[in-house]
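Subject: Structure handover

Hello,

Here is the structure we spoke about. Please open it alongside this note; my findings follow below.

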Amino acid sequence: MASLFSTPTSTSTSYLFRKKSSLYGTVFPLRCDRKPGNLRSTGYFEISCRLSTRAKESSPSPALNLNKEPHKYFDQVVITVRSGDGGHGAVLNMPNQKATKPPQGKVEKEKARRRGLLKRDFGGSLILPTGGHGGDVVIYADEEEDTLLEFHKKGRYNAKRGGNVAAMGVLTSQLRDGVAAPTLRIPVPVGTVVKRKRGTLLRDLAQPGDEILVARGGQGGISLVEMPERSKKKLMALTTNVMRDDSDKVLSLGQPGEEFTLELILRVVADVGLVGLPNAGKSTLLAATTLAKPDIADYPFTTLMPNLGRLNGDPSLGAQMYTSEATLADLPGLIEGAHLGKGLGRNFLRHLRRTRLLVHVVDAAAEDPVNDYRTVKEELRMYNPDYLDRPYIVVLNKIDIPKVSERLPSLTEEIMRLGSDRPSTLDTAQTLSTEGGNADVPSSGVPSRDRKEKGIEDYPRPIAIVGVSVLKGIRTNEMLKEIRAALRMCRD
Ligand SMILES: Nc1nc2c(ncn2[C@@H]2O[C@H](COP(=O)(O)OP(=O)(O)OP(=O)(O)O)[C@@H](O)[C@H]2O)c(=O)[nH]1
């Protein structure tokens, strides 16, 4: 535990991301890959299907709502996927050798011989062509994807059907299987949870490249050989695919594809979550320590969707330079009642789920900073008490304002009093593990109702309290040092 009010000595070691514009002209935050110096970044957003419903209720034009209020739709959506039907097989006749003109010359004879060589398996049975397999539907996590917003514009994804056996009605060695349809691969942002509409979790696509087969394409139909009754017995010795009566024709039809309604839910994948009331300086902190370029303004709720930035490792660690690198998520400001959906509400609280470390950003120049801090902690507790068990740091921001420096010692003391000595009990690895369930369900296994009865004083104190001015760059190095040290602690 540390209170840091000393003068910064080292230069800032963070490297930041480039910013990316969204489809809608707003700047959306991004996630960078982890290679040092590589600024390829990915943003992320999401959508909701509840969203589509809400959109329908509130406006005749969902598209308009998407443009105006993407933050309501960016992390949840319902889509329908359908795999392709299998291609049809064919009903074939055996070639009538007698009816054709006998081949003339050596070459023609050889060609005719080859044509006449029907394909057979090792047991000598005829191999008959089958219809092509229908296209599967696969959803995969792609770092290039930032948002689920696009899914609100297009909610249905159909894979192609398999090709039919292109038969002229006669079995020849030239016949080919119908063409298999390609797999329809749908990219989603890393951190997307895929669920059946009724709630069954299919997969948490938490890592780039994770994928799930959500609908299997239909099998192609088989081909059947049709023969007059008298020759059937002889033919049945050659193949079992003999048409006995008209009802057998159904066997040559390709199987239909599968159709499912799926819910996609995006949860931010970040090591550090910045939380605080609106206007506390969260976006300014992100912009000062990473390459992210979030919107910053002197009015509340400038941040509408989570902004992500990449914090580089600490070069002073030498060979371990990047062990403390991390992704920071700047979440929209919380207000009292956020856990009930007030302000931007619950939508954003769930994005803390995968973070290892929380950074409470408090406007130390506000009228009652301790009460502000308390409000945010209460909201976290009401939403999911596990969040209070998570390691955290308090950043008392805006110390460049004269009155703030004087209040720092008393603010620090009061904040320290709002916590117990009990160490964090939450297994953060568990928090970050594959999960796709309800964000309200605590991961510690203790019923949240019991845990909500505890006051915020019963939960652990912050690992550190740091007085900074993220705008003026005062003591930001000390703050970064604490963040990195806490991250190392979480990882050990
Ligand atoms: N004096 C001073 N002003 C600051 C400091 N940090 C941020 N601000 C100002 O505080 C205002 C709000 O900053 P933001 O970074 O947008 O705050 P936020 O917490 O992201 O706000 P929301 O997006 O509403 O959640 C802006 O006008 C910033 O310039 C600081 O260290 N000192």
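Two strands count as paired if DSSP finds at least two bridges between them. Strand 8 (residues 137-141) and strand 13 pass that test with four bridges, in the antiparallel sense. One of the contacts across this pair sets Val138 against its bridge partner Leu213 in strand 13. Please keep in mind that this is a predicted model.

Confidence first. The mean pLDDT of the protein is 74. A value of 70 or more is reached by 65% of its residues. Residues 1-60 have pLDDT below 50, yet this stretch has 164 contacts in the model beyond near neighbours in sequence. Residues 426-446 also fall below 50, and that stretch has 37 such contacts. For the complex, the predictor gives an ipTM of 0.98 and a pTM of 0.65.

Now the overall picture. The protein has 14 helices and 21 strands. Of its 492 residues, 47% are buried. Take the contacts between residues at least 6 apart in sequence: 77% of them join residues at least 24 apart.

Back to the sheets. Strands 8 and 13 belong to an open sheet of three strands, in the order 10-8-13, with mixed pairing. Strand 10 (184-188) and strand 13 (211-215) each have a single partner strand, so one side of each is left without a neighbour in the sheet. Neighbouring strands here are turned by 25 degrees against each other on average, direction ignored.

Another open sheet has five strands, in the order 9-6-15-11-12. Its pairing is mixed too. Strand 9 (156-158) and strand 12 (201-205) are the edges, each pairing on one side only. The twist averages 25 degrees from one strand to the next. Inside this sheet, strand 6 (residues 76-82) and strand 15 (residues 259-266) run antiparallel and are joined by seven bridges. Thr80 stands opposite Thr261 in strand 15.

One residue of strand 8 deserves a look: Ala141. Is Ala141 buried or exposed? Ala141 has 23 other C-beta atoms within 10 Å, and the cut-off for a buried residue is 20 or more, so Ala141 is buried. Leaving out residues up to four places away in sequence, Ala141 touches Val188, Val190, Thr192, Leu205, Gln207, Pro208, Gly209 and Asp210. Val193 is 52 residues from Ala141 in sequence, but their C-alpha atoms are 9.8 Å apart in space.

Last, the cores. In soluble globular proteins, nonpolar side chains tend to be buried together. The largest nonpolar core here holds 84 residues. Which of them touch the most other members? They are Leu264, Leu274, Val359 and Val395. Helix 14 (residues 476-491) gives this core its largest share, six residues. Domain 1 (2-43 + 268-491) and domain 2 (80-264) each supply at least three residues.

Val359 is a good place to start in this core. Val359 touches Val272, Leu274, Tyr392, Ile393, Val395 and Ile483, again not counting residues up to four places away in sequence. Apart from the largest core lies another, of eight residues. Leu92, Val165, Ile222 and Val225 are among them.

Best wishes

Terms used
Residues are numbered from 1 along each chain as its sequence is written. This is a predicted model: local features need pLDDT of at least 70, side-chain atom pairs count only at pLDDT 80 or more; totals for chains, interfaces and linings use all residues. Helices (H or I, at least four residues) and strands (E, at least two) are DSSP runs, numbered from the N terminus. Axes are lines fitted to C-alpha atoms, for helices over the stretch in contact, and angles run from 0 to 180 degrees between N-to-C directions. A nonpolar core is a set of buried Ala, Val, Leu, Ile, Met, Phe, Trp, Tyr and Cys residues joined through C-beta atoms within 7 Å. A residue is buried if 20 or more other C-beta atoms lie within 10 Å of its own, exposed if 12 or fewer, and partly exposed in between; C-beta atoms are placed from the backbone. Domain bounds come from an automatic or database domain assignment. Two residues are in contact if their C-beta atoms, placed from the backbone, lie within 7 Å. pLDDT is the predictor's confidence in each residue, from 0 to 100.
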